[in-house]
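Please open the structure in a viewer and keep the selection tool at hand. The tour proceeds by stops, each beginning with something to select.

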Amino acid sequence: MCVITGVYHRKTNTRSQKIPPFLYTQILLLLLNTLSSPSFTHTHSNSLLKRSIQSMENSIQFDLIVVGAGVMGSSTAYYAAKHGLKTLLLEQFDFLHHRGSSHGESRTIRATYLQPHYYPLVLQSYKLWLEAQAQVGYNVYFKAPHLDMAHFNDPTILAVIENCRKHGAQHHLLNHMQVAQKFSGNFNIPEDWVGLSTEHGGVIKPSKAVAMFQTLAYKNGAVLKDNAEVTDIKNDGGVVVLTASGEKFHGKKCVVTVGAWVNKLVKKINGVELPILPVECHVTYWRITEGHEGKFAIGNDFPTFASFGSVYVYGTPTLEYPGLIKVAVHGGNPCDPDKRPWGPLVMMNELKEWVEGRFSGLVDSSEPVVKQSCMYSMTPDEDFVIDFLGGEFGKNVVLGGGFSGHGFKMAPVIGKILTQLVVDGETNEVDLKHFRIGRFNLTSKI
Ligand SMILES: Cc1cc2nc3c(=O)[nH]c(=O)nc-3n(C[C@H](O)[C@H](O)[C@H](O)COP(=O)(O)OP(=O)(O)OC[C@H]3O[C@@H](n4cnc5c(N)ncnc54)[C@H](O)[C@@H]3O)c2cc1C
């Protein structure tokens, strides 16, 4: 895995295409003066050189500045740089930090959705994940089947089944005995439940995938800079992006993909308060009973899965931690992303009951053995926000947020869509009406 940290990781030949030659002359002179000075030390030379490079970058006009280097910002930086845009990616913390939404070891990819507009986006994403991993040379996507389950009358599973039919998506509707048969007795659903199985499942490795997009963005000439908290964005015909340390970056356009911080930044930029709620949630891993570990491993018939009802449970086959299986609740507690409680897990009793009941004692349901904390950015309808910020910025600032705990799988197509909005002002990937800011009842300047 290639991890990019620190400031300005660009190859000399890439940089030389982008920085005006006169600035190189200035740097060279500065370096020569410094080296010839009697008080020269290695540390002095480094800090002077770094400052000069910083002022060079600050004076560049970027085509696109992407704010926020989670999976959405990193994928956007890749597709924009690949498209030939002079791209800068800014991140407030270290790259690949664990304080947002895109870190960790596994995310489910599945095509079964109750809203019809996600099906084509997921199918396109499968293709794009394969293309991107072929570019970088290692795998971030691991194939598995997928199983949804619920009471036969549950409105979510009924909508999911309806969508599969509507899209002609390959699927099998199973009763409780057929579920046990198809998945080698690993799942035990009640008699009045149904299972919906499809080949469109799988696991994405999130931290590795973010690193992949950052590596590919860099390889395509993007400038990557972490520990750069954006405090404001101003309109000067293009955009001026200001950071907490006093730097100013100039761009023609800007994409804002700041996850759970979206309200904080957007409110600062134009006073608009979006109904996007930061929620702290948890991933939990459970120990498989000794001797049964192989049954839950990826690569056999064990699927990624989701279970609908009063509690929404989801999970993945064993991949990251041998002998453990990820089974978690979709939900959490509202939080301030800068003052995280790192607090209690929600619906643990219901989850324990689910693990006990569905896995027939093959998984120890007494307590999860690994707990990891993460953040969702929830919209009221759980649809994304992909739109122009509008107001004085017109089409110069594009927002990608509110991914509501289910966006990771679609990160490549979202990066492509955000790039299309920057370049063409429109996208052919999806009808944006589902994702417009205007669907919320806002009292705002937009
Ligand atoms: C526990 C959990 C499980 C999930 N499971 C799934 C799943 O199975 N399948 C699926 O498809 N999706 C899943 N998701 C959802 C998915 O992970 C998110 O939708 C996705 O990671 C959101 O990415 P993002 O880039 O919008 O946000 P983030 O990853 O949070 O990135 C935003 C970045 O912006 C930076 N930033 C914020 N403010 C500023 C600023 N002012 N200046 C500079 N940088 C800033 C932040 O530091 C952060 O790095 C899950 C999420 C969680 C938390």
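The stops below visit a pocket, a helix, the surroundings of the ligand and one loop residue. Please note that the model is predicted.

**First stop: a pocket**

Select Tyr79, Lys82, His83, Lys416, Thr419, Gln420, Val423, Asp424, Glu426, Thr427 and Asn428, which line the second largest pocket. Its volume is about 190 Å³. Which elements give two or more residues to the lining of this pocket? They are helix 4, spanning 71–82, and helix 11, spanning 411–423. Helix 11 supplies the largest share, with 4 residues. Colouring the lining by residue character shows 5 polar, 4 charged and 2 nonpolar residues.

**Second stop: helix 11**

Now select residues 411–423, that is, helix 11. Is this helix largely enclosed by the rest of the structure or open to the outside? It is largely enclosed, because 11 of its 13 residues are buried; a residue counts as buried when its relative accessible area is under 20%. The buried residues are Ala411, Pro412, Val413, Ile414, Gly415, Ile417, Leu418, Thr419, Gln420, Leu421 and Val422. Two of these, Thr419 and Gln420, were also in the previous selection, as part of the pocket lining.

To check the length of the helix, display the distance between its end C-alpha atoms, which are 18 Å apart. This agrees with expectation, because 13 residues at 1.5 Å a residue should span 18 Å. Beyond the helix, select Gly425, which follows helix 11 and has a positive phi, near 75°.

**Third stop: the ligand**

Select the ligand together with the 34 residues around it. Which of these residues come nearest? They are Glu91, His97, Ser102, Thr108 and Cys374.

Three contacts may then be displayed in turn:

- Glu91 has a polar side-chain atom 2.6 Å from an oxygen atom of the ligand.
- Gln92 also places a polar side-chain atom by a ligand oxygen atom, at 3.0 Å.
- Gly405 takes part through its backbone: one of its polar backbone atoms is 3.4 Å from a nitrogen atom of the ligand.

**Last stop: Glu247**

Finally, select Glu247, in the loop between strand 11 (239–243) and strand 12 (248–256). Is this residue buried or exposed? Glu247 counts as buried, because its relative accessibility is 10%, and the limit for a buried residue is under 20%. Add Ser245 to the selection: the side chains of Glu247 and Ser245 make a polar contact at 3.3 Å.

Key. Residues numbered from 1 in each chain as written. Predicted model: local features only at pLDDT ≥ 70, side-chain atom pairs only at ≥ 80, totals over all residues. Heavy atoms only, no water. 1 Å grid on protein atoms, 1.4 Å probe; cavity = no way out; pocket = protein on both sides within 12 Å on 5 of 7 lines; lining within 4 Å. Points joined across faces, edges and corners; volume = space filled by probe spheres on them. Nonpolar A, V, L, I, M, F, W, Y, C, P; charged D, E, K, R; others polar. Expected span 1.5 Å × (residues − 1). Buried < 20%, exposed > 50% of the residue type's maximum accessible area, 1.4 Å probe, protein only. Near = heavy atom within 4 Å. Polar contact = N/O pair within 3.5 Å; in protein donor to acceptor, adjacent residues only side chain to side chain.
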